[in-house]
Amino acid sequence: MLEIILITVALVALVLASYADLTTKEVPDWLNYALIFAALGIRIIFSFQLGWYILLSGLLGLAVFFLLGLLFYRANQWGGGDSKLLMGMGAVIGFTLPIDASSMNLVWFFFSVLFLGSIYGLIWMMIIAIKKKEFFMVEFKKEINKYKKFHVGLWVLSIFFIFLGLFSNFFWFLALFPAAIYYLLLFVNAVEKNCFISEVKISQLSEGDWLAEKVVRNERTLLKKKTLSRKDIDKLYQERIANVKIKEGIPFIPSFLFAYLLVTFGSSIFTWLMGQVFG
């Protein structure tokens, strides 16, 4: 019963958070805090019957994801909403002691968020590139023209590995993988530079927005490129800055939902599919 209730609460919170992120590009704090308090409250109630290790597991999960969320926030990789939601999921999933198979659910969830998030982000970028293809192609051509000699060398190397692939299949991987990764990085860089940067008024800023360029006045740097806090926005108001350039990030919260579905139901879905295929 405890597991069913926690799964239900988590799925409701993740669906609402994903919708908010896709529509407003922001997850409200009340939703994140509601998930944290709901998960811990449910664990407290069941601790009277099942033992206090139920609550301890939730607190440990919360602590682990608090540290990871803080690390990603300080590194300007995530906004505050993403980090707080991660903390809530830590309280839901929990981390049991002594460490056993269930303890790894926290690890699998985190790596699933990163893995599925990269795939989801790449798909999102492709859609943006198609929508803004005129701007994207101009920037992509610029990126390619920067390193003409490198392209020639890369293709010569690939042709050499293709030749070696006639003798060993291992070299086919070396022929394709470096070129694929390189052009993928150029693609991502071109999309970020031309499709995700926009100039907005200070009144349109919200906590968690990513400052794309440092803010300078009279040769004095007011703010460096960073994730904006409420204090930063207030400072921009005080300095009477009119507009700043913001990097519009990918709505990342749906990755949390996909990762939780995978960790929670992935093995059973895989087993069901195998049963349907092989009878």
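A residue counts as buried when its relative accessible area is under 20%. In the predicted model described here, F109 meets this criterion, because its relative accessible area is 0%. Y260, at 4% relative accessibility, is likewise buried.

The structure holds 10 aromatic pairs. One of them joins F109 and Y260, whose ring centres are 6.3 Å apart and whose planes stand at 80°, so the arrangement is edge-to-face. F109 belongs to helix α5 (residues 104–131) and Y260 to helix α10 (residues 253–278); the contact therefore ties together parts that are 151 residues apart in sequence. A further edge-to-face pair is formed by F252 and F256, with 6.0 Å centre to centre and 90° between the planes. Both F252 and F256 are buried. Ring pairs connect these four residues with F65, F72, F110 and F111 in a cluster.

Three strands make up an open antiparallel sheet in the order β1-β5-β2. Its edge strands, β1 (197–201) and β2 (210–211), each pair on one side only. Five bridges join β1 to strand β5 (residues 243–247) in the antiparallel sense, and I197 stands opposite K247 of β5.

Three salt bridges are present. In one, the side chains of D29 and K84 meet at 2.9 Å, N to O. D29 lies in helix α2 (residues 29–50) and K84 in helix α4 (residues 80–93), so this salt bridge ties together parts that are 55 residues apart in sequence. D29 is partly exposed, with a relative accessible area of 34%.

Strand β5 also contributes K245 to a salt bridge; the partner is E213, and the closest N and O atoms are 3.7 Å apart. E213 is located in the loop between β2 and β3 (215–217), 32 residues from K245 in sequence. E213 is partly exposed at 43% relative accessibility, as is K245 at 34%.

The side chains of E239 and R220 form another salt bridge, at 3.6 Å, N to O. This pair links the loop between α9 (230–238) and β5, where E239 is found, to strand β4 (residues 220–223), which holds R220; the two are 19 residues apart. Relative accessibility is 21% for E239, which counts as partly exposed, and 43% for R220, which is also partly exposed.

On the surface, I162, F163, L166, F167 and W172 form a nonpolar patch with about 560 Å² of accessible area together. Within this patch, I162 is part of helix α7 (residues 148–164) and is partly exposed at 34% relative accessibility.

Definitions and conventions: Residues numbered from 1 in each chain as written. Predicted model: local features only at pLDDT ≥ 70, side-chain atom pairs only at ≥ 80, totals over all residues. Heavy atoms only, no water. Patch = residues over 30% accessible without salt bridge, like charges linked within 9 Å, V, L, I, M, F, W, Y side chains within 5 Å. Areas by Shrake-Rupley, 256 points an atom, 1.4 Å probe, with all protein chains shown as cover. Salt bridge = Lys/Arg side-chain N within 4 Å of Asp/Glu carboxyl O. Helix = DSSP H or I, 4+ residues; strand = E, 2+ residues; numbered from the N terminus. Buried < 20%, exposed > 50% of the residue type's maximum accessible area, 1.4 Å probe, protein only. Pairing = 2+ DSSP bridges. Phe/Tyr/Trp six-rings, centres within 6.5 Å; stacked < 30°, edge-to-face > 60°.
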